[in-house]
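The exercises below are meant to be worked through with the sequence and the coordinates open side by side. Each one sets a task and then gives a solution in steps.

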Number of protein chains: 2
Amino acid sequence: MAIVVQKYGGSSVADVERIGIVADRVAATKASGRDVVVVVSAMGDTTDELLALARRVSPNPSRRELDMLLTAGERIAMALLSMALQERGVPAVSFTGSQSGIMTNDAHTNARIVEVRPFRVQDELARGKVVIVAGYQGVSYKREVTTLGRGGSDTTAVALAAALGAEGCEIYSDVAGVYSADPRVVPEAQRLAEISYEEMQELAEAGARVLNAQAVEFAKARNIAIYARATAGGDEETVVRRHAPRAPGCVVGIASETGLVLLCLARGDLGELVPLLERLDARPACGKQLRFEGPLGASLVLSLEDLHDFEALRADLRAHLPGVSVVEGIGAVSAIGAGINASFHNVRKAIRLLDELETPVLGVATSSFRISLLIEEAKVPDAVRRLHRGLVETT
Amino acid sequence: MAIVVQKYGGSSVADVERIGIVADRVAATKASGRDVVVVVSAMGDTTDELLALARRVSPNPSRRELDMLLTAGERIAMALLSMALQERGVPAVSFTGSQSGIMTNDAHTNARIVEVRPFRVQDELARGKVVIVAGYQGVSYKREVTTLGRGGSDTTAVALAAALGAEGCEIYSDVAGVYSADPRVVPEAQRLAEISYEEMQELAEAGARVLNAQAVEFAKARNIAIYARATAGGDEETVVRRHAPRAPGCVVGIASETGLVLLCLARGDLGELVPLLERLDARPACGKQLRFEGPLGASLVLSLEDLHDFEALRADLRAHLPGVSVVEGIGAVSAIGAGINASFHNVRKAIRLLDELETPVLGVATSSFRISLLIEEAKVPDAVRRLHRGLVETT
């Protein structure tokens, strides 16, 4: 029987009523004759609330204990959804990440899935049950509970879809798909009917929160189509798949992030900085790290979100690398599209657009799919709108 | 090194401030040169709140999913306590019931511990860490998450103390020990300096909530002394141990329970009733079950607390055993003491005392440690005070 994996985010299961709506939708999918695996996040703001509790107990809590704490959230959501399905006469069973066979490395709070052994999920599907799986969590080869980082439930869903040979992976959220920019910032933003894995990955790494970058990477490796849809229903969706026909050099979207820190180093300091970062377990995601080393020295961008203990880093730098200057309040705007840098056209135009806004560009990084520009944090919303108008709406 | 197991109940870890107080106490115990294992319950009313959420989703939720849901509670408390200890410079690590090796049968929501394999706990103690263990939960041989029933964290603590060869098991709560009756009902109730396992077990089974009956049974089997103390501190305690010197026939305490249901059956109906009860997974604890079968028929007492689906039982009875009458609003008062029934003196006196209160006795059951009297629920507080005055204060 065809298997479909559906993932519902925190706002889709924020209260008992919304859990009921999700249960109705899952029941309808099951009734259509498919086997259904449902991946859920924690209810509403549960994860942030637990995190706030932890910070009250300890300003810099151990990552291992944070993972133990935060995984309570999905446990509550998945058990309630399973009960709601059973109440509707649909046999269901919930499994933790560990019970579902989501094996990860031991990078607590930001673990990577290394293998999926979904034997218990398969057994229960064979018994005709809907299987609810806790998103965002796994178990390491050291038998420790781990979490996959923000947006990790998407990764759980795609990894399970791949391991189960599912026909597709449906990701439900408040928004009906992927847009050319955050519609709350850019009212003119358009839903993309299709987008390639690479473009989606770059958008996610550049700050778009609609889909998780690691999830897209998994989908690409196993060729799983992702359908991004609204929990509220409707036909609108974005399909993330291998080929998304588009004109070369076309800019598909603008993404942005804030809360960045720029470290400016004298020449040669980079070699000493790296061990300091490693000691603090600071692992900037590749999308959040711009690095230039030239005759004048090097600069490095870190995200506060990934820096669990910024104060410790600051103290370390003062003690060991007093020449490093730390600039806070940095943001980045990025334009994404396959072949975007085939010529210098787009990067030149982007810099000119920001110049018109009187926004100094503090750094530039490009890849074959992306142009990222570092600017002052406060300028980010205006810059996103300007780049969307100048690069997306015109092409 | 000597090992001590300390258990802190839900009210002792109800908020971040109280978790800090517990962390200070644990840190002091560790500093005194002992290895410390801490068993925690869920914070405050978390378990009841989760249960209420479940009832909103489904009036009769699956017990397996209830266990998945409820075990989120201890997970939160134990991770926060571990962080609080680390914040105080005390190395600590938290483990779930499963990680601690608490193996149970598969009786969801009311599982029994069948074996404790505390290898990970021992490894971490050997590394000098305080080990925090989730109370109330275990894992079945089917690898399913289970819970031990109300008060089950006491059982976790005693079972771990036994498996680790601990020098004792300290149970911390709002009350400094075990009293001759609930002090909120009987202001004259006295703290018992010592009590035997058997007496404590009978008190707990008869409704005293201060210690869990299964926990005491475990302590008795392994000869572990239990020290019941107040989280707030102070020297007062009750020691539960093998020998508690006392005059024979002395009544040590009065306990009570409410929310009972009396089933009155015609002769021969009992054989048909039992399969109905089993089908509903109704497992009255031995202390809550009084059974008489005589020429007039049989009667059976069940506790609503153990009956997860009383409405289903009522419907079954109507359909299959229409002759059974169901009386709700029943309570029980019990007097406990070693040798209490060596003569008829105490049972005669108890019935006379209730008679003076104009409280009809609907049933009597006795054991070598206990006299239990069934009465109307509303009369229970008065009856407890009268029995305490007449049987405890006078001896």
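## Exercise 1: A covered helix

The buried residues of helix 3 of chain A are Arg64(A), Glu65(A), Leu66(A), Asp67(A), Met68(A), Leu69(A) and Leu70(A). Taking this predicted model as it stands, work out what covers the buried residues of helix 3 of chain A, and which helix of chain A supplies the largest share of the side that touches chain B.

*Solution.* Begin with the helix itself: seven of the eight residues in helix 3 of chain A are buried, and the helix is therefore described as mostly covered, given that a residue is buried if 20 or more other C-beta atoms lie within 10 Å of its own.

Next, look for the neighbours. Within chain A, the cover includes helix 2, helix 4 and strand 8 (145-147), while chain B contributes helix 4 (72-87) and strand 3 (92-95).

Then place this cover in the interface, where 25 residues of chain A are in contact with 25 residues of chain B. On the side of chain A that touches chain B, at least two residues each are supplied by helix 1 (16-31), helix 2 (46-57), helix 3 (63-70) and helix 4 (72-87) of chain A. Helix 4 of chain A gives the largest share of that side, with ten residues. For the complex, the predictor reports an ipTM of 0.79 and a pTM of 0.83.

## Exercise 2: The overall form of chain A

Describe how chain A is divided into domains, and decide how its radius of gyration stands against the globule rule.

*Solution.* First, take the domain assignment, which gives domain 1 (3-173) and domain 2 (253-392) in chain A. The centres of domain 1 and domain 2 of chain A, taken over C-alpha atoms, are 33 Å apart.

Second, count the secondary structure: chain A holds twelve helices and 18 strands. Its radius of gyration is 22 Å, close to the 21 Å that the globule rule gives for 395 residues, so chain A is as compact as a globular protein of that length. Along the principal axes, the C-alpha atoms of chain A fill a box of roughly 65 × 50 × 35 Å.

Third, turn to burial and contacts. Of the 395 residues in chain A, 52% are buried, and among the contacts in chain A with a separation of 6 or more, 74% join residues 24 or more positions apart.

Finally, consider the confidence: chain A has an average pLDDT of 89, and 94% of its residues score at least 70.

## Exercise 3: Strand 1 and helix 1 of chain B

Determine which strands pair with strand 1 of chain B, and find the contacts made by Ala23(B) beyond its neighbours in sequence.

*Solution.* Start from strand 1 (residues 3-8) of chain B, in which five of the six residues are buried. This strand pairs in the parallel sense with strand 2 (residues 35-40) of chain B over six bridges, and Tyr8(B) stands opposite Val40(B) in strand 2. Strand 1 of chain B also pairs in the parallel sense with strand 9 (residues 168-173) of chain B over five bridges, where Val5(B) stands opposite Cys169(B).

Now add the helix: strand 1, helix 1 and strand 2 of chain B together make a right-handed β-α-β unit. Ala23(B) belongs to helix 1 (residues 16-31) of chain B and counts as buried because it has 26 C-beta neighbours inside 10 Å. Apart from neighbours within four places in sequence, Ala23(B) is in contact with Leu81(B), Ala84(B), Leu85(B) and Arg88(B).

## Exercise 4: Two positive phi angles

Decide whether Tyr136(A) is buried or exposed, and whether Asn223(B) is buried or exposed.

*Solution.* As background, most residues other than glycine have a negative phi. Tyr136(A), although not a glycine, has a positive phi of about 75°; it sits in the loop between strand 6 (130-134) and strand 7 (137-140) of chain A. With 30 C-beta neighbours inside 10 Å, Tyr136(A) is counted as buried.

Asn223(B), likewise not a glycine, has a positive phi of about 60°, and its place is in the loop between helix 8 (213-222) and strand 11 (226-230) of chain B. Asn223(B) has 10 other C-beta atoms within 10 Å and is therefore exposed.

Methods:
Residues are numbered from 1 along each chain as its sequence is written. Chains are lettered from A and ligands numbered from 1 in the order in which they are written. This is a predicted model: local features need pLDDT of at least 70, side-chain atom pairs count only at pLDDT 80 or more; totals for chains, interfaces and linings use all residues. Domain bounds come from an automatic or database domain assignment. Helices (H or I, at least four residues) and strands (E, at least two) are DSSP runs, numbered from the N terminus. The radius of gyration is taken over C-alpha atoms; the globule rule is 2.2 Å times the number of residues to the power 0.38. A residue is buried if 20 or more other C-beta atoms lie within 10 Å of its own, exposed if 12 or fewer, and partly exposed in between; C-beta atoms are placed from the backbone. Two residues are in contact if their C-beta atoms, placed from the backbone, lie within 7 Å. pLDDT is the predictor's confidence in each residue, from 0 to 100. Two strands pair if DSSP finds at least two bridges between them. A crossover is right-handed if, with the strands pointing away from the viewer, the path from the first strand over the helix to the second runs clockwise.
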